[in-house]
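User: I would like to learn how features are read from a model of this kind, one at a time. Could we start with the way a helix is covered by its surroundings?

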Amino acid sequence: MAPNRLAYLTPGMSAADHIEVMEDPKATYTLRYFDILALGACARDLLAYGGLEFKNITPALDDDWTDNNASPFGCLPILHIESANGKQKTFISESMVVDQYLAKKVGLLGTNVWEEQVIRALYSSIYFFREMFFTLSFAPNDEKQARIDKFVSQFLPSYMASLEFHLGANGNNGYFTGDKLTLAEFILANTLDHVGQQPQEFSKPVLEAIQKNHPVVWHLKTMVDAEPRLQVWRASAEYKHLKDNTEVYYRFTSIKAGGVKPSKKED
Ligand SMILES: N[C@@H](CCC(=O)N[C@@H](CS)C(=O)NCC(=O)O)C(=O)O
């Protein structure tokens, strides 16, 4: 059977129609993603930060999930956008594209073309850091501890030094570029949250090393976390449910990958 794929040019709509929905200032949003934070976390933060009206659709990740959740590449997240009059709909796929689209929408992608490319570059690099960290979960069991140790003693300090360098080059005012929050700080805070949602065998050494050796970077995370609209979202029952589910999900992923004995955060 042909895979259930979603075309970018949806039937009955021209490219101009798609543009109109994307540019509708009163559009509403639905994030279709599983019942966890992970690749949907930054998008939800941006929607909450921007005060944009949104809801979550959270398909169960079972064998049949694609039957009712067509997507361009058979994976989620997808951001659905609906015009204010409800007549036209479009969507954006791929987490990095969704995050950058929303960041622009809510004013977190700089004020000019130069700032924008700096922010996009930082986003891309921090996303890569996140992927590097994530590969630890899938290391063969007997290599896992050595891989974690190597990550913490080599990759992490070198990567953190790069972030500190860029913060310093911007005058050490606490931001990567300019003098206010952007997507770059958002994705960093989000990535460190993502680390913290993994079993503590992975998360603890990484977060402790950042707090101890890279306080400037850690401070930046606390600054994003203190953003009032994010705090409201994080305090919601919906967010707490997603966070709890995420921690369970990653413990399970770690077991499936033959991982180190997963343990609860409080162990
Ligand atoms: N490149 C995609 C990757 C998305 C992705 O891998 N999503 C996973 C969940 S985190 C997925 O949809 N998995 C479905 C499946 O494995 O059947 C993106 O960044 O959006």
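Analyst: The cover of a helix is read through contacts, two residues being in contact if their C-beta atoms, placed from the backbone, lie within 7 Å. What covers the buried residues of α3 includes α2, β3 (78-82), β4 (89-93), α4 (113-134) and α6 (183-196). Helices (H or I, at least four residues) and strands (E, at least two) are DSSP runs, numbered from the N terminus. The model is a predicted one, in which local features need pLDDT of at least 70 and side-chain atom pairs count only at pLDDT 80 or more, while totals for chains, interfaces and linings use all residues. Residues are numbered from 1 along each chain as its sequence is written.

User: Which residues of α3 are buried?

Analyst: A residue is called buried if 20 or more other C-beta atoms lie within 10 Å of its own, exposed if 12 or fewer, and partly exposed in between, with C-beta atoms placed from the backbone. In α3 the buried residues are Ser 95, Val 98, Asp 99, Gln 100, Leu 102 and Ala 103. In the loop between β4 and α3 sits Glu 94, a residue other than glycine whose phi is nonetheless positive, near 75°. Glu 94 is partly exposed because 18 other C-beta atoms lie within 10 Å. Just after α3, Gly 107 also takes a positive phi, of about 80°.

User: How is the chain divided into domains, and what are their bounds?

Analyst: Such bounds come from an automatic or database domain assignment. Here the assignment gives domain 1 (15-105) and domain 2 (113-256), and their centres, taken over C-alpha atoms, are separated by 23 Å. Between them, 16 residues of domain 1 are in contact with 20 residues of domain 2. On the side of domain 1 that touches domain 2, the elements giving two or more residues are α2 and α3 (95-105), and the largest share, six residues, comes from α2. The residues of that side divide into ten nonpolar, three polar and three charged, where Ala, Val, Leu, Ile, Met, Phe, Trp, Tyr, Cys and Pro count as nonpolar, Asp, Glu, Lys and Arg as charged, and the others, Gly among them, as polar.

User: In which sense do β1 and β2 pair?

Analyst: Two strands pair if DSSP finds at least two bridges between them. Strand β1 (residues 28-32) and strand β2 (residues 54-57) do so in the parallel sense, over four bridges, and Thr 30 stands opposite Lys 55 in β2. From β1 the chain crosses through helix α2 (residues 41-49) to β2, a β-α-β crossover that is right-handed; that is, with the strands pointing away from the viewer, the path from the first strand over the helix to the second runs clockwise.

User: What should I look for in the backbone of the loops?

Analyst: Positive phi values and cis peptide bonds are two things to look for. Ala 38, in the loop between β1 and α2, has a positive phi near 40° although the residue is not glycine. The loop between β2 and β3 holds Pro 77, which is joined to Leu 76 by a cis peptide bond with omega about 25°.

User: Which residues does the UniProt annotation "domain: GST C-terminal" cover?

Analyst: That annotation, from an unreviewed entry, covers residues 112-248; UniProt positions are given in the numbering used here, feature names are shortened, and annotations may be inferred rather than shown by experiment. The span is 77% helix and 0% strand, and its end C-alpha atoms lie 41 Å apart.
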